[in-house]
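Student: Hey, got a minute to walk through a structure with me? I'd like to poke at a few spots and then zoom out.

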Amino acid sequence: MVPKTVENSTPQTPDEISRYELMVILFPDMSDTDTEKELNEIRKHIKDAGGEIYHEDIWNIRDLAYTIKKQDKGYYVIFYFTYDPIKIKDLEKGLFLNQKVLRHLVVKSPKDYVIKPLSELEITEEDRKKTRMEREEEAKKKKYGAPRKTVKKPEKEVKETEEKESKKELKKEVKKEVKKEIKKEEKPAMDISDLDSKLNSILEDSDLKL
Amino acid sequence: MSKNKYNKPCAFCLEKSEYVDYKNIKLLTPYITKYSKIVPRYYSGSCLRHQKMIARAVKRARFMALVPFVK
């Protein structure tokens, strides 16, 4: 595939050895021993090529987002390893030919990559509830935070005309308070009248029934 | 004129992240619509540099069946 002269011309230093991550989806129907065999093959392949697996994540059987080769589920495994960048195609070749591998993906991971467990990556039902609350909070924050430019402008004007602004604000606040009070007063009053009418109607009905 | 529709800052620029992980579904969900399309830049407010990273991450997640292509 690749000429060996290239390999010799670029001697490896620890910085040049690149880190990779390999995600593999295996068939879910296999027994535990078979899956271990398959994983051991991949591990061997990496070690034989001079790579080192420095972390391994097993996500177990997961639902696929869509069917692959008539399978709705898949056995997810992720390897984090160092590997010779020139030989990386050979590793992929073996995975493509392996019939028990549904999908695989080799990605170069950045130097300062922090490995996170599945629980931090996946969305749980609790998170869904939380995210809804957070979204609401964020939306509220955005309402106040978004018009930053409009907020800044009045600040400048305030310096010029502090008294007028303060008076206006006071008036606005007073008006708002008054409006709120009115609303609060109105709502229960309406409710009581409704309740009375309802009660009367019910009483009448009950009389008829009795 | 504002850069995007809602005048949002780029979430990844605030964190100064240099890489968007395709395995982090929790992180990618706000950038996927309910029809599982990639949210355009003028809605999400992300900068061009990070939008490209997001797009790459979403496409990788789709390939590994973490996120659907079509819903």
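Student: OK, first one: which helix is H50(B) found in?

Tutor: H50(B) belongs to helix α4 of chain B. Keep in mind that this is a predicted model.

Student: Is H50(B) buried or exposed?

Tutor: Buried. The cut-off is 20 or more other C-beta atoms within 10 Å, and H50(B) counts as buried because it has 20 C-beta neighbours inside 10 Å.

Student: What does H50(B) touch, leaving out residues up to four places away in sequence?

Tutor: The contacts are C10(B), F12(B) and C13(B). Take F12(B): 38 residues separate F12(B) from H50(B) in sequence, and their C-alpha atoms are 6.7 Å apart in space.

Student: Which other residues of α4(B) are buried?

Tutor: Besides H50(B), the list has Q51(B), I54(B), A57(B), V58(B) and A61(B). They sit on the same side of α4(B), because the arc they cover around the axis is only 125°.

Student: And what's exposed on the other side of α4(B)?

Tutor: L48(B) and R49(B) are exposed there.

Student: What covers the buried residues of α4(B)?

Tutor: The cover includes α1 (11-15), α2 and α3 (41-44), which belong to chain B.

Student: Quick geometry check. How does the span of α4(B) compare with what 1.5 Å a residue should give?

Tutor: It agrees: the 16 residues of α4(B) should span 22 Å, and the end C-alpha atoms are 23 Å apart. The expected span uses one less than the number of residues, so don't multiply by the full count.

Student: What follows α4(B)?

Tutor: A65(B) does, and its phi is positive, near 60°. A65(B) is a residue other than glycine. Most residues other than glycine have a negative phi.

Student: Buried or exposed, that A65(B)?

Tutor: A65(B) is buried, because 23 other C-beta atoms lie within 10 Å.

Student: Switching to chain A. Where does K70(A) lie?

Tutor: K70(A) is in the loop between β2 and β3 of chain A. K70(A) also has a positive phi, near 65°, in a residue other than glycine.

Student: Buried or exposed, K70(A)?

Tutor: Exposed. K70(A) has 5 other C-beta atoms within 10 Å, and the exposed class is for 12 or fewer, so K70(A) falls in it.

Student: How do the strands on either side of that loop pair?

Tutor: β2(A) and β3 (residues 71-83) of chain A pair in the antiparallel sense, over eleven bridges. Within that, D57(A) has I78(A) in β3(A) as its bridge partner.

Student: What's the strand order in the whole sheet?

Tutor: The order is β2-β3-β1-β4 in chain A, an open sheet of four strands with antiparallel pairing. β2 (52-68) and β4 (101-108) of chain A are the edge strands, each pairing on one side only. From one strand to the next, the twist averages 20°.

Student: Which strands does helix α3 of chain A lie across?

Tutor: α3 (residues 88-97) of chain A lies across β1 (18-26), β3 and β4 of chain A, and α3 runs at about 165° to β4(A).

Student: Zooming out, how many helices and strands does chain A have?

Tutor: Seven helices and four strands. Along the sequence, the pattern in chain A reads α-β-α-β-β-α-β-α-α-α-α. Chain B comes to four helices and zero strands.

Student: What share of the residues in each chain is buried?

Tutor: For chain A it's 9% of the 210 residues. For chain B it's 27% of the 71 residues.

Student: And what share of the chain A contacts between residues at least 6 apart in sequence join residues at least 24 apart?

Tutor: In chain A, 76% of those contacts do. For chain B, residues 24 or more positions apart account for 72% of the contacts with a separation of 6 or more.

Student: Last topic, the contact between the two chains. How many residues does each one give?

Tutor: Chain B gives 17 residues and chain A gives 18 residues. On the chain B side, the elements that give two or more residues are α2 (25-28) and α4 (48-63) of chain B.

Student: So α4(B) turns up again. What kinds of residues make up the side of chain B that touches chain A?

Tutor: That side divides into ten nonpolar, three polar and four charged residues.

Key: Residues are numbered from 1 along each chain as its sequence is written. Chains are lettered from A and ligands numbered from 1 in the order in which they are written. This is a predicted model: local features need pLDDT of at least 70, side-chain atom pairs count only at pLDDT 80 or more; totals for chains, interfaces and linings use all residues. Two strands pair if DSSP finds at least two bridges between them. Axes are lines fitted to C-alpha atoms, for helices over the stretch in contact, and angles run from 0 to 180 degrees between N-to-C directions. Two residues are in contact if their C-beta atoms, placed from the backbone, lie within 7 Å. Ala, Val, Leu, Ile, Met, Phe, Trp, Tyr, Cys and Pro count as nonpolar, Asp, Glu, Lys and Arg as charged, and the others, Gly among them, as polar. The arc is that of the directions from the helix axis to the C-beta atoms.
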